[in-house]
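Trainee: I should like to take a close look at one part of this protein, namely how its helices are packed. Could you take me through it step by step?

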Amino acid sequence: MMKRTFLRRILAASVLSLTALVVPVVHAEEEAPDAMIKRLSSDVLETIKNDKAIRAGDMAKVVALVDSRIMPNVNFQRMTAAAVGPAWRQATPEQQKRLQEEFKTLLVRTYAGALAQVSDQLITMKPLRAAPEDKEVLVRSEIKGSGESIQLDYRLEKTPGQGSGWRIYNLNVLGVWLVETYRSQFASEINTKGLDGLITTLTERNKANSSNGTKKA
């Protein structure tokens, strides 16, 4: 009888253990897209505010800051493919890799250049117009300082599966959507010089931007 009781307890404990394994894990509530943008922007602006080198005009540090804080939340493949247009599908894997790398560098400097224009920054988020089931949203923000205000808007997509969350796939800097702006520039370059020519042009532009510390869009 004691053996039977002991076996029942072991069986019950095993069932409870298995049940615990199949019960879904409850994750923390997902961060809203506008909340994510506000958090990232506030983090960057606060760092700029407290960094004397950045305040003194060290563009390299602004670029590094944007690259480490904002850009990990960007879908560069989607952005680059959209900017390159139909030619993206004909690009080799190596060409696609190079295009993404150079386009990322260009975007980082453009975004950083906008932030560097503002001092005593204060970010204001516009109301988010989106339904809970939306997979793509527009988040609008404005950065105000002692100079002119800077409009920074974002188009985001909700990524499914592991590592799910919101990722940026287009940026509006100073009233200009970057993907659409670069698409027309890239199309002209591809038509005259091909994809390799575009890669060369982007590489040279990024080197020039890096050496003179200015933003060229």
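Mentor: The buried residues of helix α4 are a suitable place to begin: what covers them includes α2, α3 (52-55) and α6. Please keep in mind throughout that this is a predicted model. Helix α4 comprises residues 59-69, and its buried residues are M59, V62, V63, L65 and V66. Around the helix axis they cover an arc of only 160°, which puts them on the same side of α4. The general background is that an α-helix has 3.6 residues a turn, so residues three or four places apart point the same way.

Helix α2, one of the elements that cover α4, may be examined in the same manner. In α2, the buried residues are P33, M36, I37, L40, S41, V44, L45 and I48. Viewed down the axis of α2, these residues fall within an arc of 150°, so they line one face of the helix. The length of α2 can be checked as well: its 18 residues, 33-50, should span 26 Å at 1.5 Å a residue, and the end C-alpha atoms are 26 Å apart, which agrees.

Helix α6, also among the elements covering α4, brings us to a further pairing. Two packed helices are described by the angle between their axes and the distance between the axes. For α5 (residues 76-84) and α6 (residues 93-116), the axes come within 10 Å and cross at roughly 95°. Because an angle from 65 to 115 degrees counts as roughly perpendicular, α5 is placed roughly perpendicular to α6. On the α5 side the contact involves F76, Q77, M79, T80, A83 and V84, which meet L99, Q100, F103, K104 and L107 of α6. Seven of the residues in this contact are nonpolar, three are polar and one is charged.

Within that contact, T80 merits individual attention. T80 lies in helix α5 and has a relative accessible area of 1%, so T80 is buried, the cut-off being under 20%. Setting aside neighbours within four places in sequence, T80 is in contact with W88, L99, Q100 and F103. As for L99, its C-alpha atom is separated from that of T80 by 7.0 Å, with the two residues 19 apart along the chain.

Outside the helices, L174 offers another detail. L174 sits in the loop between β4 (165-173) and β5 (176-177). Although L174 is not a glycine, its phi is positive, at about 55°. With a relative accessibility of 40%, L174 counts as partly exposed, whereas T80 is buried.

Note on methods
Residues numbered from 1 in each chain as written. Predicted model: local features only at pLDDT ≥ 70, side-chain atom pairs only at ≥ 80, totals over all residues. Heavy atoms only, no water. Helix = DSSP H or I, 4+ residues; strand = E, 2+ residues; numbered from the N terminus. Expected span 1.5 Å × (residues − 1). Buried < 20%, exposed > 50% of the residue type's maximum accessible area, 1.4 Å probe, protein only. Arc of directions from axis to C-beta. Axes fitted to C-alpha atoms, helices over the stretch in contact; angles between N-to-C directions. Parallel < 35°, antiparallel > 145°, perpendicular 65-115°, else oblique. Contact = heavy atoms within 4.5 Å. Nonpolar A, V, L, I, M, F, W, Y, C, P; charged D, E, K, R; others polar.
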